[in-house]
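Hi,

Here's the structure I promised to pass on. Have a look at it first, then read my notes underneath.

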Amino acid sequence: SLSERLGGVFDRLRGRGALNEADVRAAMREVRIALLEADVALPVVREFVDKATEKAVGQQVLKSVTPGQQVVKIVNDALVEMLGAEASDLDIDVTPPAVIMMVGLQGSGKTTTTAKIAKRLTEKGRKKVLMASLDVNRPAAQEQLATLGTQASVATLPIVAGQQPVDIAKRALQAAKLQGFDVVMLDTAGRLHVDQALMEEMKAVAEVSAPHEILLVVDSLTGQDAVNVAKSFSEQVPLTGVVLTRMDGDARGGAALSMRAVTGKPIKFAGTGEKLDGLEPFQPARVAGRILGMGDVVSLVEKAAETIKVEEAEALAAKMAKGLFDMNDLRAQLNQMKRMGGLGALAGMLPGVKQVKQAMSSGAVDDKILVRMDAMISSMTPKERTKPEIINAKRKIRIAKGSGTTVQEVNKLLKMHQEMSTAMKKIRKMGGLKGLGALLG
Ligand code: GDP
Ligand code: MG
């Protein structure tokens, strides 16, 4: 497995330390192979590996997992981020009718997906949906959609023999306006990307129907060619999203990464079967695990990271309970927060820490808060740092001057230290952080 292969790479690196560039590069060679095996397109692999390398170099090695496992986790997180960490729904909150146009290669699953989405919008979204097939090339394509419409209890535009796609689109829009449909779904003809005539037809349809969503439907088994498919379609029409079909098969899903990288558009749904309920919102985390084949390792590393945070917090709590938590410890904590971008869920519940975290996440300016706090602590005498209770009004003024801050800010810092000490003592009484963690699940 990838994890084992990475184990070999990292044999030299033991215990705690930082991941160095040479080690990370060696590991990334294995990651690269894994991605290519999952059918991620080569140029996308290159770009991705560069990004992940940058993220991994310099990270501290966790003591309870191997560096190889840790790299898998870093790569996994970068994958999830690139696949789209946020869930992305259809954007059809417009004055009705909203128009959704489906495009893609022949046999990619457009017609099936059209019916699946229509069914979902009807049942879950309570929308009144009209489907229209613009496929006048494939024999019985329009009938196929009509049949699916009956199965899904979704209306389809009546078939008019001999009518061309642009005219069908216009008729669908008109019917939708007259009959009060919320959504019109246009299922276009399958095409091969080399077929310029069909590309022109697709553009003409997009022009007359001004779709709110143009979804590119792609078979997840599309390998290295996914990049070309994505390119040729996104060059012709303004795509708004991607649907990846046949995720119920054994494709590892590398096409997802390729599509996302090339189009820059979110993957909105995954097709998971031939039946009409075989459609799910796209889940980046699940697909990332599938691409790497490493779901277990990822959760292992997550747990390890959590444990270490608990251990560190426990040590700190012990210090606090003994009244030893001083300004030096607070400074160490602040610096750690700066490094880690926050203290993790558990410590984040503590008063003070939570405030700083919130302040930090609310804007760029707030990054400076930690710097200012650090400056204030630096302006304290060693005695003030170990015994903050001696800081009286006069000392506060001196500290504020020395750090270029205000007495108000010094007060806030002292209050935060006070609140953290109190909270830690309480938690200690309740059986420590581990007990608290178990309580929270
Ligand atoms: P189109 O040419 O792009 O319109 O493709 P179709 O919608 O006609 O689908 C082609 C074939 O793929 C049909 O047999 C579908 O049942 C099948 N299909 C579509 N989506 C999925 C999916 O998510 N999973 C599976 N297993 N089959 C699918
Ligand atoms: Mg079709």
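Quick bit of vocabulary before we start: helices here are DSSP runs of H or I that are at least four residues long, and they are numbered from the N terminus. Also keep in mind that this is a predicted model.

With that in hand, go to helix α11, which covers residues 284–292. Is this helix mostly covered or mostly open? Mostly covered: seven of its nine residues are buried. The buried ones are P284, V287, A288, G289, R290, I291 and L292. Just after α11 comes G293, which has a positive phi of about 65°.

Next, ligand 1. There are 17 residues around it, and G109, K110, T111, T112 and G271 come nearest. Which helix gives the most to this shell? That's α5 (residues 110–123), with three residues. Sorted by class, the shell has 13 polar and four charged residues, and no nonpolar ones.

Last stop: P211. You'll find it in the loop between α8 (196–209) and β5 (213–219). Why does P211 count as buried? Because it has 23 C-beta neighbours inside 10 Å, and the cut-off for buried is 20 or more. Leaving out residues up to four places away in sequence, P211 touches V99, I100, M101 and A206. One more distance to try in your viewer: P211 and V184 are 27 residues apart in sequence, and their C-alpha atoms are 9.2 Å apart in space.

Have fun clicking around!

How values were computed
Residues are numbered from 1 along each chain as its sequence is written. Chains are lettered from A and ligands numbered from 1 in the order in which they are written. This is a predicted model: local features need pLDDT of at least 70, side-chain atom pairs count only at pLDDT 80 or more; totals for chains, interfaces and linings use all residues. A residue is near a molecule or strand if its C-beta atom, placed from the backbone, lies within 6 Å of it. Helices (H or I, at least four residues) and strands (E, at least two) are DSSP runs, numbered from the N terminus. Ala, Val, Leu, Ile, Met, Phe, Trp, Tyr, Cys and Pro count as nonpolar, Asp, Glu, Lys and Arg as charged, and the others, Gly among them, as polar. A residue is buried if 20 or more other C-beta atoms lie within 10 Å of its own, exposed if 12 or fewer, and partly exposed in between; C-beta atoms are placed from the backbone. Two residues are in contact if their C-beta atoms, placed from the backbone, lie within 7 Å.
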